[in-house]
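Reader: I'd like to go through a model with you, feature by feature. Can you show me how you'd read it?

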Amino acid sequence: MGLREWALGGVLLSPFLIYALLALLTTGLLRLGLQRVGVARWIWHEALFDTALFVCVLAALVAVTGRW
């Protein structure tokens, strides 16, 4: 995908917006999986964990797809 702008109807969209949306979806799926497994009860501060998980997923997504 790379770090180039996407043209959608004449409007340039930042690739970071797409990465952030994909990271948000992935974070939600990971949180759902953690709740079903039972690991979520060990999380002390859920908002802090969710933010950290989102940042980690976003960084991994940019690192992996940015090399293409």
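Author: Let's take confidence, salt bridges, the core and a few single residues in turn.

Reader: Confidence, then. What is the average pLDDT of the protein chain?

Author: Keep in mind that this is a predicted model. The protein chain averages a pLDDT of 90, and 93% of the residues score at least 70.

Reader: And where in the protein chain is confidence lowest, and where is it highest?

Author: The low end is S1, with a mean of 82, while H2 is at the top with 95.

Reader: On to charges. How many salt bridges does a search of the whole structure find?

Author: Two. Start with Arg-31 and Glu-46: their closest N and O atoms are 3.4 Å apart. That is inside the 4 Å cut-off for a salt bridge. Arg-31 sits in helix H1 and Glu-46 in helix H2, so this pair ties together parts that are 15 residues apart in sequence.

Reader: What about the salt bridge between Asp-50 and Arg-31: what is the N to O distance?

Author: For that pair it's 2.6 Å. Asp-50 belongs to helix H2 and Arg-31 to helix H1, so here the parts tied together are 19 residues apart in sequence. Put the salt bridges side by side and you can see that shared partners join Arg-31, Glu-46 and Asp-50 into one network.

Reader: Are those residues buried or exposed, or somewhere in between?

Author: The cut-off you need is 20% relative accessible area, under which a residue counts as buried. Arg-31 comes in at 9%, so it is buried. Glu-46, at 43%, is partly exposed. Asp-50 is partly exposed too, with a relative accessible area of 27%.

Reader: Which residues does Arg-31 touch, not counting those up to four places away in sequence?

Author: Its list is Ala-40, Ile-43, Glu-46, Phe-49, Asp-50 and Leu-53. So the salt-bridge partners Glu-46 and Asp-50 turn up among the contacts of this buried arginine.

Reader: Now the nonpolar side. What's the general idea there?

Author: In soluble globular proteins, nonpolar side chains tend to be buried together. In this model, the largest nonpolar core has five residues, namely Tyr-19, Ala-23, Leu-53, Val-57 and Leu-58.

Reader: Which helices each supply at least two residues of this core?

Author: H1 and helix H2, the latter covering 46-65. H2 gives the largest share, with three residues.

Reader: Let's zoom in on one core member. What is Leu-53 in contact with, leaving aside its neighbours within four places in sequence?

Author: Thr-27, Leu-30 and Arg-31. Thr-27 deserves a look of its own.

Reader: Sure. Where is Thr-27 placed, and is it buried or exposed?

Author: Thr-27 is in helix H1, which runs over residues 15-37. Its relative accessibility is 6%, so it counts as buried. Setting aside neighbours within four places in sequence, it contacts Asp-50, Leu-53, Phe-54 and Val-57. Two of the names there, Leu-53 and Val-57, are members of the largest nonpolar core.

Reader: One last stop: which strand does Trp-6 lie in?

Author: Strand S1, residues 6-8. With a relative accessible area of 39%, Trp-6 is partly exposed.

Reader: And how far is Trp-6 from Ile-18 in space?

Author: They are 9.5 Å apart, C-alpha to C-alpha, and twelve residues apart in sequence.

Note on methods:
Residues are numbered from 1 along each chain as its sequence is written. This is a predicted model: local features need pLDDT of at least 70, side-chain atom pairs count only at pLDDT 80 or more; totals for chains, interfaces and linings use all residues. Side-chain values use heavy atoms; hydrogens and water are left out. Helices (H or I, at least four residues) and strands (E, at least two) are DSSP runs, numbered from the N terminus. Buried means under 20% relative accessible area, exposed over 50%, partly exposed in between (1.4 Å probe, protein chains only). Contact means heavy atoms within 4.5 Å. A nonpolar core is a set of buried Ala, Val, Leu, Ile, Met, Phe, Trp, Tyr and Cys residues joined through side-chain atoms within 4.5 Å. pLDDT is the predictor's confidence in each residue, from 0 to 100. A salt bridge is a side-chain nitrogen of Lys or Arg within 4 Å of a carboxyl oxygen of Asp or Glu.
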